[in-house]
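Here are a few worked exercises to try with the model open beside you. Have a go at each task before reading its solution.

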Amino acid sequence: MSASRIDARFASLRAEGRAGMVAFITAGDPVHETSFEILRGLPAAGADIIELGMPFSDPMADGPSIQAAGLQALQNGASQQRTLELVRRFRMQDKDTPVILMGYYNPIYRYGVAQFIADALAAGVDGLIVVDLPPEEDSELCLPALKSGLGFIRLATPTTDDRRLPAVLNNTSGFVYYVSITGITGAASADATAVAQAVTRIRRHSALPVAVGFGIKTAAQVAEVARFADAVVVGSAIVDCIAAARKAGKTSAEIAAGVHEFVAGLAAGVRRKRETA
Amino acid sequence: MTATPPNSFRSGPDAQGHFGIFGGRFAAETLMPLILELEQAYIKAKADPAFHAELDDLLTHYAGRPSPLYFAERLTEHFGGAKIYFKRDELNHTGSHKINNCLGQILLARRMKKGRIIAETGAGQHGVATATVAARFGLPCVIYMGAADIERQQPNVFRMKLLGAEVIPVTSGTATLKDAMNEALRDWVTNVRDTFYIIGTAAGPHPYPMLVRDFQSVIGREAREQMLQREGRLPDSLVACIGGGSNAIGLFHPFLDDPDVAMYGVEAAGKGLETGLHAASIAGGQPGVLHGNRTYLLQNDDGQIIDAHSISAGLDYPGIGPEHAWLHEAGRVKYVSARDDEALAAFQLCTRLEGIIPALEPAHALAYVAKLAPGLPRDHLLCMNMCGRGDKDIFAVARMLGEQLS
């Protein structure tokens, strides 16, 4: 089923002996069709897993880049329905690349939790990352999602101490997303040594793969994190690439091509065989 | 309507921070350990007589409590109905009820050894109160304020700067209170280890709605005692304005289990509920999740938050504290609204008849009193919370009345 698409991808990455590249884009940014063009070319560009941001008017954990992308998408008609439509179309051509929806709870709550889970599964979504649903609120969405076979990926952060980690890792499926900094998306990068230590700490508590994100912007940073993490997430830098191309007046095809080229550059960082830690 | 009322309306929230289905802890993981730590620190402080002694001393000698309960004789005559009392929280140091909460929270910050204070502000009242207590205790302070609000609340912006706070304009979204709160949360998530976020209204993730309510309940406790002393009985009705609802919950809470005391929370109807340009989350919103809690929110069908509108920067927020959402559904408090033009008329009326310049926020409460009082008997005791003074608003009001102040 769908959660196993994530497991299968991490199994094949292990077999290849390398980390995965997770590419984040905001659904509907800058406009719906361009967003689809970008999305459908991501696997070929080297994205092993796709995180699709669900636009929200008040993204409290996001920096200026992803805030602006969400606003841009909403102004151009993005909605939960249309985000799911993007996934549905993507799935018609790609059966293997996991797609994870990332965002905030209110648009899901307003949609109706049961209905959203059903529609997301039907569209081919593999998992959810919901920033404002900590373990304390698991009964809202996490437990119903897991019960239906939709993955729920938890964020662990530098402030999640050893006492709290088990609670955070409980009811997590697919992988653990380690937020490498205390801060918002697109902020300054963390010190790689500290992040490596944190990943080791998480591994003591969980057998799940660990993806690392927040503040990772360049191919060199990707390569560095790929040495110790199971996957590397890049978001704001890709979103910035879209914004720059849009502002330069590029066509939809040109914007998509530019993003794919950028992602290919980032993905080169995970394709090098990992050194043993 | 037929649901059995709870044994007490004053026992919430539960251990998870819920008032019925409202409230909760919808916060990013980065903040969760601190939020849990704050809850523990508050539970400990509440049980510590030294904490209460220090807070009471500050409330008395620094903030100037108790605030008077004033019989508004000429407004009572003017409306020709209920006997109108004002709870004069505008006479507090810094000019509003906000200082009650800020003193409580900064004492918690000190106990938790947090060396930096942040806050959001709409009208600037909470920002001024926060900057004041930060100055008093020598802590650096950053205030997030919507750029649009900075424009309409210049005197308070300057006050905060004089007090040594850094005021950071927020230009995202509609550049008002909700965006300031988003930005304060972004700061907090970035500087969580050394920073204490003094939330100004009875909203946010648990335990904030509870602790803000507790710190503001001094208003209702005093009003209760003062009314008993003046009139020998409890008031018949209470009226307070609602943005997030901290002054209202502070007045209401000590009376919630007195079934004969009617309560009215007055939301800002802006240009009119039918225009969509308002800040009335209960009248015009649906339950949703924002800023750490589930409550009534102005939102569209897709769950995107809709911008609020009000003449009053302090009420210009698309949500309401979760305890109010619950009291609404439980039917204990009646939530009503007043438009911009009605508030502006009440502002002028109060100034002329009572010699009290109200803030535009309580002017909304008074605008509803103007509708309610005339139909009530003369022995009906009505207590309205005059939660802020209007000095900060005179430039904005002058503009609306077409006067030029240089």
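**Exercise 1: the interface**

In this predicted model, 36 residues of chain A are in contact (heavy atoms within 4.5 Å) with 38 residues of chain B. Residues are numbered from 1 along each chain as written, chains are lettered from A in the order written, and hydrogens and water are left out of side-chain values. Local features need pLDDT of at least 70 and side-chain atom pairs pLDDT 80 or more, while totals for chains, interfaces and linings use all residues.

Task: Describe how much area chain A and chain B bury between them, and find which residues of chain A lose the most area to chain B.

Solution.
- Step 1. Take buried area as the accessible area (1.4 Å probe) that two parts lose on being put together, summed over both. Chain A and chain B bury about 3000 Å², with 49% of it on carbon and sulfur atoms.
- Step 2. On the chain A side, the greatest losses fall on A:Asp58, A:Met60 and A:Arg110, together 22% of what that side buries.

**Exercise 2: polar links**

Task: How many salt bridges does the rule find across the interface of chain A and chain B?

Solution.
- Step 1. The rule asks for a side-chain nitrogen of Lys or Arg within 4 Å of a carboxyl oxygen of Asp or Glu. It finds four across this interface.
- Step 2. One of them joins A:Arg110 to B:Asp301, at 3.6 Å from N to O.
- Step 3. Now look at the elements, which are DSSP runs numbered from the N terminus (helices: H or I, at least four residues; strands: E, at least two). Helix H3 (64-75), helix H5 (105-111) and strand S6 (155-156) of chain A each supply at least two residues of the side that touches chain B.
- Step 4. H5(A) gives the most to that side, with five residues.

**Exercise 3: a strand in chain B**

Task: Is strand S12 (residues 292-297) of chain B largely enclosed or open, and why?

Solution.
- Step 1. Call a residue buried if its relative accessible area is under 20% (1.4 Å probe, protein chains only). Six of the six residues of S12(B) are buried, so the strand is largely enclosed by the rest of the structure.
- Step 2. Strands pair if DSSP finds at least two bridges between them. S12(B) pairs in the antiparallel sense with strand S11 (residues 286-290) of chain B over five bridges, and with strand S2 (residues 22-26) of chain B, also antiparallel, over two.
- Step 3. Check the partners: B:Gly288 is bridged to B:Thr295, and B:Gly23 stands opposite B:Arg294.
- Step 4. In the hairpin of S11(B) and S12(B), one residue lies between the strands, and B:His291 takes a positive phi near 50°.

Terms used: Buried < 20%, exposed > 50% of the residue type's maximum accessible area, 1.4 Å probe, protein only.
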